[in-house]
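Subject: The structure we talked about

Hi,

Here is the structure I said I'd pass on. Have a look at it first, and then read my notes below.

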Amino acid sequence: MRFIFPTIAVLLEASMIVLFGFFVKYETEQNAIQQPNSTNSTKVDRSLELYPLFQDVHVMIFVGFGFLMTFLKKYGFSSVGINLLIAALGLQWGTFVQGMVHRHGQTIYIGIKNMINADFSTATVLISFGAVLGKISPTQMLIMTIIEITVFAGNEYVVGEIFQASDIGASMTIHAFGAYFGLAVAGVLYRTGLRKGHEKEESEYHSDLFAMIGTLFLWMFWPSFNSAIAETAEEQYLAIINTYLSLVACVLTAYAMSSLVGHRGKLDMVHIQNATLAGGVAVGTCADMKIHPYGSLIIGSIAGMVSVLGFRFLTPCLTAKLRIHDTCGVHNLHGLPGVVGGLSSIVAILLGVSTASSMTMQAAALGSSIGSAIAGGLITGLILRFIVRGQPSKDNFFDDSVYWEVPKEKELDNV
Amino acid sequence: MGSKYPPSVRGCLPLWTIALELAFLVIFFFFTSYDTSSQDPKELMGIYRVLQDVTIMAALGFGFLNSSLRRYGWSSVAFNLFLLALGVQWAVLVDGFLEWSFYKKVIIKLSSIKLATMSAMSVLISVGAVLGKANLLQLTVMALVEVTAFVTVRMVDRKYLGTDNHTSMMYIHVFATYFGLMVTWCLSRSPPVAVLVEKHQTTKNSSLFTMLGTLFLWIFWPSFNSALLDIPKERKTAVFNTYYALAVSAVTAISVSALSHPRGKINMTHIHNAVLAGGVAVGASCHVIGTPWLAMVLGFMAGLISIGGALCLRAYFNHMLGIHDTCGVHYTFGLPGLLGGIVYILLMFYEVTWTKNSMVFFQLLIDTGVLSLAMASGLIAGTLTGLVLSLKIWKAAHVTKYFDDQASWEFPHLAVGF
């Protein structure tokens with residue numbers, strides 16, 4: 001760890017600087033017009049209006065995702081710390097790769113919108129990180145970040161430019177993609193015995209409260225996430241309202257289902273931390289469509305239920321039968337609701353509320369996202385397992401002290 | 001002693017919640033529509049920023065503000081989110097129905113969600129007094145009743161008493177506090193001392209979490225106080241006044257807390273309660289106060305009253321009246337809110353005296369009427385709700401399980417030391 005990690009990290013950063021030096025320039029009044037999709041010269045002004053939305057997304061990426069993963073009792077440092085590391089690397093690489101794909105290798109002019117999109121691309125990695133949390137080394141995470149964002153940018157290009165599918169809140173291209181990519185990697189990196197449980201893989205009273213901070217930050221800013229790349233004010237309004245309504249409905253059904261499947265009607269903190277967000281994921285694809293307020297409530301309700309049921313029944317099954325150990329349950333928070341989002345967009349188009357895309361193209365987009373995620377994840381997993389290596393041994397899973405200087409543990413203050 | 005385990009709510013909580021969500025779905029299906037008028041991007045973003053600030057206060061601020069009990073942190077935060085989600089949906093509908101007539105569809109704008117979030121905050125304030133003594137089902141019923149009552153009071157204020165949107169909202173603190181106090185009074189006349197000694201305590205960690213909530217409320221309070229003002233000049237005044245009142249009340253709270261301790265130590269619970277008092281007190285009058293020093297004096301008084309109340313009144317309320325106020329909402333919101341209401345009445349009186357003489361007593365009467373309406377309706381609605389909630393059908397936890405997360409949460413691997 002001492003030499004390999006710093007070397008790789010510094011090399012990556014150096015190559016980022018070189019790439020930025022050659023290909024990336026600031027957006028100015030003159031070159032803004034050459035950008036695709038820009039028809040007026042007020043784009044730079046508009047770009048500053050987007051800054052608050054960018055900040056919201058930024059808070060979600062760094063605080064929301066970071067703290068959401070702090071529920072493990074001995075893995076809080078890594079959750080927040082490595083989250084910061086890979087998000088910082090990912091947004092540089094994301095800016096570059098997305099720019100390359102969309103500008104076909106010409107110079108990239110970055111504005112606020114590129115920053116938002118770069119943050120989006122890191123979200124996929126952070127989602128996948130949730131699946132492999134505690135079972136992977138920082139070095140492996142760096143490599144995974146690079147590969148995953150490349151695959152993501154390719155898939156996004158296919159979905160957006162070739163299929164012309166509509167996916168404003170990126171339920172399919174980010175959430176479903178990130179979740180299945182992470183699951184595939186976790187499947188390849190599986191170590192025997194994990195399905196029987198790991199002694200360090202448990203939460204603590206206060207670590208669960210920390211995770212709740214992450215949940216709340218994600219919950220509060222989700223409307224910004226889904227509306228950040230909306231083009232017109234009307235779409236933005238629709239995206240905000242739909243996401244908000246879907247989230248509130250999702251909270252109610254998530255609590256109800258958690259109590260229903262729990263012992264003696266008790267609630268489960270894991271469900272509350274994750275399933276309350278499923279509504280935001282699921283409404284993403286059709287957030288800018290006129291699905292009516294009740295439509296968003298329906299999507300949110302379904303997502304909350306599906307997510308809790310996934311946690312209760314599907315995750316144990318995945319671990320036991322398919323040997324895929326999903327630490328944070330990203331499949332239930334991002335995977336299933338993402339699929340629900342894709343399907344609901346198909347239903348929405350079937351009902352005729354949107355003409356932005358066609359049913360086949362939405363289905364193709366969903367298929368392409370999941371397909372490329374699984375294929376990319378399997379390859380990445382193999383690379384990490386046999387080429388990069390350095391995965392911690394099973395005894396060191398879910399343990400901060402392997403990578404961090406951890407203060408000497410005193411008696412917990414129970415007084 | 002009752003049974004060792006709290007009664008199972010498996011049969012009723014999911015059923016009620018899902019039925020409620022279905023009911024919302026049906027009502028939304030028939031009675032709501034989008035705002036179809038053309039949107040100005042700048043204006044949209046402006047409202048959205050305010051909505052977001054208010055949501056942060058409601059979800060994060062109030063959630064963690066109440067998490068000070070050492071064994072009740074999960075419930076405080078998670079129930080808060082649940083009640084917010086429930087309250088917003090219901091408040092959007094009730095607001096819409098009372099605002100327009102029944103045969104017109106409720107138009108869902110960003111501003112109506114903002115208003116609904118603020119109305120739902122009344123529940124989040126009251127919950128501070130009830131926390132730990134009611135299960136989620138009882139809180140659900142309480143939220144429905146309280147939102148309805150509060151929105152109705154606001155409608156009466158606006159339609160019949162001629163109060164503006166802002167002032168009627170700012171009496172939320174008084175209304176919600178007395179609502180919560182009455183509910184907790186009906187639910188349990190003082191929990192047994194043994195339970196209180198064991199569980200009604202804070203720890204270092206839980207106190208820090210509470211501080212997180214307090215800080216977020218403190219930071220975003222100017223947004224809350226200016227959220228419903230439409231004139232830009234008034235908005236600006238409101239933000240400035242709130243900002244300075246909060247600053248002064250924070251300084252006052254910390255210094256007075258040290259002063260009141262025999263060895264000059266600061267009490268963290270006082271800080272949680274009293275730093276926000278300035279923002280509460282300045283709420284009603286923040287748009288009419290012309291000079292910062294007035295707001296600062298108000299903040300100072302609010303800080304004093306809040307800590308004074310916590311020191312002197314707490315024992316009296318607990319033992320004599322049997323009202324057990326879990327998180328001290330009476331000192332954070334109730335007393336400063338009353339102070340703010342009275343100051344607002346005096347200010348309006350003073351302003352009217354300057355202009356026209358004939359209107360003086362009429363104005364005084366109306367303003368006093370609005371304040372006492374908020375308080376009285378809080379007391380009455382709270383008592384009624386409390387009586388309904390103390391029925392057996394809600395399967396409330398036994399009194400020995402008060403202030404305990406284990407009554408409503410699963411602990412898969414019971415952590416050591418919990």
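One thing before you start: this is a predicted model, so please read everything below in that light.

Let's begin with the salt bridges. Over all chains, the structure holds six of them. In one, the side chains of Arg49(B) and Asp56(A) meet, at 3.2 Å from N to O. Arg49(B) sits in helix α2 of chain B (residues 41–65) and Asp56(A) in helix α4 of chain A, so this pair joins two chains. If you're wondering what brings such residues together, side chains of opposite charge can pair when their charged atoms come close.

How many salt bridges are there between chain A and chain B? The count is one, and Asp56(A) with Arg49(B) is a pair of that kind. Polar contacts add to the picture: 19 residue pairs make them between chain A and chain B, counting pairs with both residues at pLDDT 80 or more.

Which parts of chain A face chain B? The elements giving two or more residues to that side are α3 (43–49), α4 (51–68), α9 (205–227), α10 (233–261), α11 (269–275) and α13 (292–322) of chain A. Of these, α10(A) makes the largest share, with 21 residues. Sorted by class, the residues on this side of chain A come to 40 nonpolar, 15 polar and 13 charged.

Now for the interface as a whole. In terms of contacts, 68 residues of chain A touch 72 residues of chain B. The size of an interface is often given as the accessible area lost when the parts come together. Here, the area buried between chain A and chain B is about 6,200 Å², and carbon and sulfur atoms give 72% of that. Three residues are worth finding on your screen: Tyr205(A), Tyr237(A) and Leu252(A) supply 13% of the area that chain A buries against chain B, more than any other three residues.

Last, the cavities. There are four of 30 Å³ or more in the structure, and the largest has a volume of about 250 Å³. What lines that largest cavity? It has 26 lining residues, and those nearest its centre are Asn135(B), Leu136(B), Ala397(B), Ala407(B) and Ser408(B). By class, its lining is made of 15 nonpolar, five polar and six charged residues.

That's it from me. Send me any questions once you've clicked around a bit.

Cheers

Conventions. Residues are numbered from 1 along each chain as its sequence is written. Chains are lettered from A and ligands numbered from 1 in the order in which they are written. This is a predicted model: local features need pLDDT of at least 70, side-chain atom pairs count only at pLDDT 80 or more; totals for chains, interfaces and linings use all residues. Side-chain values use heavy atoms; hydrogens and water are left out. On a 1 Å grid over the protein atoms alone, a cavity is a set of points where a 1.4 Å probe fits but cannot get out, and a pocket is an open set with protein on both sides within 12 Å along at least five of seven lines; lining residues have an atom within 4 Å of a point. Grid points are joined across faces, edges and corners, and a volume is the space filled by probe spheres set on the points. Ala, Val, Leu, Ile, Met, Phe, Trp, Tyr, Cys and Pro count as nonpolar, Asp, Glu, Lys and Arg as charged, and the others, Gly among them, as polar. Contact means heavy atoms within 4.5 Å. Buried area is the accessible area (1.4 Å probe) that two parts lose on being put together, summed over both. A salt bridge is a side-chain nitrogen of Lys or Arg within 4 Å of a carboxyl oxygen of Asp or Glu. A polar contact is a pair of N or O atoms within 3.5 Å; within protein, one must be able to donate a hydrogen and the other to accept it, and residues adjacent in sequence count only if both atoms are side-chain atoms. Helices (H or I, at least four residues) and strands (E, at least two) are DSSP runs, numbered from the N terminus.
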